[in-house]
Each structure stands twice: as C-alpha cells, then as structure tokens.
Amino acid sequence: MQVEERHVSVRVDELLDADEVFCTGTAVVVSPVGSITHLGKRVTYGNDGVGRVSKQLYSALTSLQMGLATDNMGWTVELK
C-alpha cells in the first residue's frame, strides 16, 4: 500500500468522502474511526467499526511486533 502522511485539517473533505478512516501509532496499533462530524455533517464509517484495510494493517503490524513475520524494513529491535 502506498502511504501518505500529512495533516488533514485543511482537507477534511477527503475524510468525509473516505470508505474508512483510522489512526495509527505505537500504542494504539491501528484504531478505526467510527464517525467524523464537521460543520454539522456527520459521516459514519463501516458497520462493525473495523474496515478491510484496517484489519489488514493491524494484522501485518502485530505480526511484525510478535516476530511472526519477517521485518524487511529493520523496524524491530531484539532486546536482550
């Protein structure tokens, strides 16, 4: 997947048109966003709260964290 990281405050319209929205980080792994309200317009994402892409990213990331997948990017460090 091609990833673009940037601020979205001036591009909220993109979020309102998205199929799914999630946040990610070290502690939260991948956290789906259930809804966004902007200027009185509320958009809800997904029925069960977790979309297809969110599931794929969560699985890939936790597999790396647990050592179940090969880390080709050098993101994990083994502590002794």
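**Reading helix 2 and a loop residue**

Author: Let's start with one contact: the side chain of Thr62 reaches the backbone oxygen of Tyr58 at 2.8 Å. This is a predicted model, where local features need pLDDT of at least 70, side-chain atom pairs count only at pLDDT 80 or more, and totals for chains, interfaces and linings use all residues. Residues are numbered from 1 along each chain as its sequence is written, and side-chain values use heavy atoms, with hydrogens and water left out.

Reader: Where is Thr62 found?

Author: Helices are DSSP runs of H or I with at least four residues, strands are runs of E with at least two, and both are numbered from the N terminus. Thr62 sits in helix 2, residues 52-65.

Reader: Is Thr62 buried or exposed?

Author: Buried means under 20% relative accessible area, exposed over 50%, and partly exposed in between, using a 1.4 Å probe and protein chains only. Thr62 has a relative accessible area of 10%, so this residue is buried. The buried residues of helix 2 also include Val53, Ser54, Ser63 and Leu64.

Reader: What do the buried residues of helix 2 pack against?

Author: Contact means heavy atoms within 4.5 Å. Here the partners are strand 1 (22-25) and strand 2 (29-32).

Reader: And what follows helix 2?

Author: Gly67 does, with a positive phi near 75°.

Reader: Now the loop: is Asp19 buried or exposed?

Author: With a relative accessible area of 74%, Asp19 is exposed. Asp19 lies in the loop between helix 1 (12-17) and strand 1. From Asp19 to Tyr45 there are 26 residues in sequence and 6.7 Å in space, C-alpha to C-alpha.

Key
A polar contact is a pair of N or O atoms within 3.5 Å; within protein, one must be able to donate a hydrogen and the other to accept it, and residues adjacent in sequence count only if both atoms are side-chain atoms.
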